[in-house]
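Student: I'm new to this structure and would love a close look at one small part of it. Could you pick a single spot and walk me through its surroundings?

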Amino acid sequence: MAQQEISCGLDYTIAPDLQACLTEALHANYAFIVSQIVHPRFRLSSLPSGNTVGGFTRSDMILSPQDWNSRVVGRVSGYLDPDSPSPIVQKRHEDSLNEELAYCRGLGLPAVMLSLHSRKSNNLARILQTYFETSHHPTLIWTSVPMVCHRTMRSCDEDNSNEEAWNEPWYWWTKFHECMGWDKRIGVVLEVSADLPSKDVINRWLGEPVKAIVLPTSLFHNNKKGYPVLSRAHQQVVVSMVERDAQVIVSGARRSNIVYYLQYLYRLWKRRPYVVDDPMLSYARGWEDFLQTPLQPLADNLDTHTYNVFEKDPVKYDQYQKAIAQALSDLQMKRKEDMKIQEEDSAVVTNVKEIIPGKNGIVDNDRPFTVMVLGAGRGPLVRATLNAADITNCKVKVIAVEKNPCAVVVLAAQVREVWRDRDVTVIPGDMRQINLSPKADIIVSELLGSWGDNELSPECLDGAAGLLRPGGISIPREYKSYVAPICSPRLWAAARAASPGNAQQIEKNLETLWVVYMQNKHNIAETKPVFTFEHPSEGIKNQDGQEVTDYRGLKVTDNRRSTTVTWEVKQDNVMHGFGGYFDCVLYGKEMLSIVPDTHSPGMISWFPVFIPIRTPLRVQKGDTISATFWRCVNSRRVWYEWIVEVNNHTTPLHNPNGRSSEMLL
């Protein structure tokens, strides 16, 4: 979750007096320090068994347990390389690393920092897996990597291509993280360099679980007043990382008073580009990257709290009101045109023995328009309809259909107390099972989910098609779902651990759609459409081309869908799943959208969905990602299935027969 204040630590390369260093940092208002676990004065002398001779570091009594548990990040010796090509060195370093990790376990440190030096980290991953299995204290592992590999940079000078140098540390990290099973207890610490990579490389790091960034004091330069400041490009990197929960570690030689660095970072964070008045940012604060199970309002009745949250949306109902007003205006215009045609066609009028308004083909200019609000909830769309009627100076008869008994009570109370002078009727029941007369000129509903149709709007509105007169208007008129392949180890690990259990439960978690305000993620490719639904919908036809109807005379529709979407990969990455979005045409030009490029400003009613894949896929620049999605329907439920192909690698089919997630009809 995004932090509201920046958290800064101070790195001590050498700490002769650890207590004095911690005191200095805390007095300067730093939150923690980073220090070597093994004091440079001590020398590790290992026996073949791996046991050390004598003490190898300082006593834990120099600090209080509270300091060890919350204010010190321990750094293991930087020279340790348990994946060394030399078997002798490998064993010696493995023993030393185990000794230092065991001491960290005894201290109860909140985090342990270690460094990666290459793509070879299998043995390191094995050691840390053992450490996690045997440690009961919730210690995090911070994996430190440089932003650029200078060794690779030197080898690339001849062909003037340094792209590999910026990619190499990312490979170190992702190979290691993959070996660790994308464990959420593993994070990366990024050492920011003086030269910065391209925007694409930085954005890719923003999708990784960056726990901290290291800012060497050499990156700061003094302003006219002598205080340390960062370049504009480095400022943007710092703000972007901290917005995704990264902490900041100041390291290196003291080129200025340590307080000045912290004060500057505080000021930088407070004056960051931030739209305070954006309702979405305010509403989503604290919910970043927090997975939620999608609502099923058809199967389950919503509670008062849920209604209350959604009714606060400052944009959604305003858009609905504009759409209803436009629909009423168009109906008024059509009625006037029909009246004009009727007056001109005097022959029709004279041949009618008895002129009855609304019958015999005679247009009733005084008849109110019937607007049915399907799934009225506690009445926000009823209010929008009444407001639209006032704006357009139309007479309306509003019929509110709602199946939730608690919401019906609220609607009935508002009819008595608020709308007593208006023509509003409440009909309790399922919109798919009731039959009302007269038919509606307009039906209005808000049945959309975060992926468009995932709250069964198509089935509900098709079942209620008999409530709409021929030529009537449906609001919404059309909606589409969208997906984009994303990299997000944090979301994938959160989905995997969402419902603790055995391997079967973990598999189910990774075959489920999750509603989440995604922040710590990176889009691998652009967003593309998946499924489209229109209302009133077209019915299926038989072999003779005739529409098939049910026992009520309503068109039989088929809401099954399947589609294949492809993307070309522009940058080496790891794919963990998809981000899912939707947009909706209410009526005319009035729209709602949560697609990133067209998001309705300030709308808070929907977070996107995260659609995971069971095993993350490593993709290379130039690869083609091909994803096929199915929307499956039977008599009692709806579910999605999906499969992904990258070159010659194909994932298993996800959620076959709705075994892990489904929407009940």
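Tutor: Let's go to aspartate 313, whose side chain reaches the backbone nitrogen of isoleucine 604 at 2.9 Å. Keep in mind as we go that this is a predicted model. A polar atom of the same side chain, that of aspartate 313, also lies 2.9 Å from the backbone nitrogen of lysine 316. To find aspartate 313 along the chain, look in the loop between helix 11 (304–310) and helix 12 (316–344). Setting aside neighbours within four places in sequence, aspartate 313 is in contact with Gly602, Met603, Ile604 and Ser605.

Now for its charge. Aspartate 313 is buried, yet it has no salt bridge. The nearest side chain of opposite charge belongs to lysine 316, and it is 6.3 Å away. A salt bridge needs a side-chain nitrogen of Lys or Arg within 4 Å of a carboxyl oxygen of Asp or Glu. So with lysine 316, what the model shows is a link from the aspartate 313 side chain to the backbone nitrogen, with no salt bridge for aspartate 313.

For a wider view, turn to the barrel. Eight strands form a closed barrel in the order 1-2-3-4-5-6-7-10, with parallel pairing. From one strand to the next, the twist averages 25°. Helix 1 (residues 18–27) packs on this sheet, where it touches strand 1 (8–12) and strand 2 (32–36), and its direction makes about 155° with that of strand 2. Elsewhere in the barrel, strand 6 (residues 186–191) and strand 7 (residues 210–216) run parallel and are joined by four bridges. There, valine 189 stands opposite alanine 212 of strand 7.

Terms used:
Residues numbered from 1 in each chain as written. Predicted model: local features only at pLDDT ≥ 70, side-chain atom pairs only at ≥ 80, totals over all residues. Heavy atoms only, no water. Pairing = 2+ DSSP bridges. Helix = DSSP H or I, 4+ residues; strand = E, 2+ residues; numbered from the N terminus. Axes fitted to C-alpha atoms, helices over the stretch in contact; angles between N-to-C directions. Contact = heavy atoms within 4.5 Å. Buried < 20%, exposed > 50% of the residue type's maximum accessible area, 1.4 Å probe, protein only. Lys, Arg positive; Asp, Glu negative; His and termini not counted. Polar contact = N/O pair within 3.5 Å; in protein donor to acceptor, adjacent residues only side chain to side chain.
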